[in-house]
Amino acid sequence: MKKFFIILTVCMCLIIGVSYLVTNVVLMPDTSVTYTATTSQNKVIQQRLKNWGYYTGAVDGILGPKSIAAIKKFQRNNGLVADGIVGPKTAAKIGISLTNTSSSTNNKTQTSSDLYLLAKCVHAEARGESYTGQVAVAAVILNRVKSPDFPNTIAGVIYQPWAFTAVNDGQINLEPNQSAYNAARDAMNGWDPTYGSLYYYNPATATSRWIYSRQKTVQIGKHVFAL
C-alpha cells in the first residue's frame, strides 16, 4: 500500500509538472539581426502564402500591410509568435532558407543598423526611381565602402561631407519605406546593376563639370552611373 501511494504521488507530480510546462511555455520571437529575405524570396513567401489561402494581394516582393497580416496569420496557425517578421523559424515553416546579411564588406561586418541607414539613404536619394534604380544607389554606396578611396563603413560613406545631397538637405532623416529596405537588402546580397560604379548623378541637375569626366557605365532612370 505504501508503494502504491509513493507511485501515485510521483505520477501526480509528473502530471502537474508537465501541465505547468504546457500552459506556461513561452514562444520566442522569430527575429534575427543577421538573416533577411531578398526580394525574390519575398515573392516566394507571398506566392506560398497565397497558395495556402493566407494572402490575396500582388506577388511583388514588397512585404506591405497585407503581406504582414498574412504572415501573422500563418505564424499563429503554426505555433510561432505572430510578429509578422520572417525570421529563420518562420522561413523554415514556409520552406525557404534566408540569406545571412552579416557578410563582410572590406572586413567590416554589416549589421541591421547598416541596413537601416542604407535604406534611409536609398529612400532619400532615389525614392522616385525604379526599383532597379534604388538598388543601384545602394550598390554605389557599398562599392565605395570597398574602395580604398572612400571611408570603409556604410555610415562613413553616407556621412562623408558633401557626398550626398540628401544628407545636406536633411532628407536622410526620412523613414525608409519597404521598397528602400528591399533595395538595400538586395544590394547587400550582391546585386549591382551599376557594374561597380562609384558615382551617380542626374544630368538635368548636376552642376559639377568634374563628374562628367568620369567613365559612364550605365544610365538607370534619371541617374547616370560612373566609375
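These questions and answers cover the cores and one sheet of a predicted model.

User: Which helix gives the most to the largest nonpolar core?
Analyst: The core has 35 residues. Several elements each supply at least two of them, including helix 5 (112-126), helix 6 (131-146) and strand 7 (223-226). With eight residues, the top contributor is helix 6.

User: Which residues touch the most other members of that core?
Analyst: Members are buried, and they are joined through side-chain atoms within 4.5 Å. Among the 35, five touch the most other members: Leu118, Ile141, Ile154, Ile158 and Phe225.

User: How many residues are in the other core?
Analyst: This core lies apart from the 35-residue one. Its members include Leu49, Tyr54, Phe74 and Ile94. The count is twelve.

User: Which strands are at the edges of the open sheet?
Analyst: The sheet has three strands, in the order 5-7-6, with antiparallel pairing. An edge strand pairs on one side only. That applies to strand 5 and strand 6.

User: What is the average twist from one strand to the next?
Analyst: The strands follow the order 5-7-6. From one to the next, the twist averages 25 degrees.

User: Which residue in strand 7 stands opposite Tyr199?
Analyst: Strand 5 (199-201) contains Tyr199. Strand 5 pairs with strand 7 over three bridges, in the antiparallel sense. Opposite Tyr199 stands Ala226.

User: At about what angle does helix 6 run to strand 7?
Analyst: Helix 6 lies across strand 5, strand 6 and strand 7. Both helix 6 and strand 7 also supply residues to the largest core. The angle between helix 6 and strand 7 is about 30 degrees.

Terms used: Residues numbered from 1 in each chain as written. Predicted model: local features only at pLDDT ≥ 70, side-chain atom pairs only at ≥ 80, totals over all residues. Heavy atoms only, no water. Buried < 20%, exposed > 50% of the residue type's maximum accessible area, 1.4 Å probe, protein only. Helix = DSSP H or I, 4+ residues; strand = E, 2+ residues; numbered from the N terminus. Pairing = 2+ DSSP bridges. Axes fitted to C-alpha atoms, helices over the stretch in contact; angles between N-to-C directions. Contact = heavy atoms within 4.5 Å.
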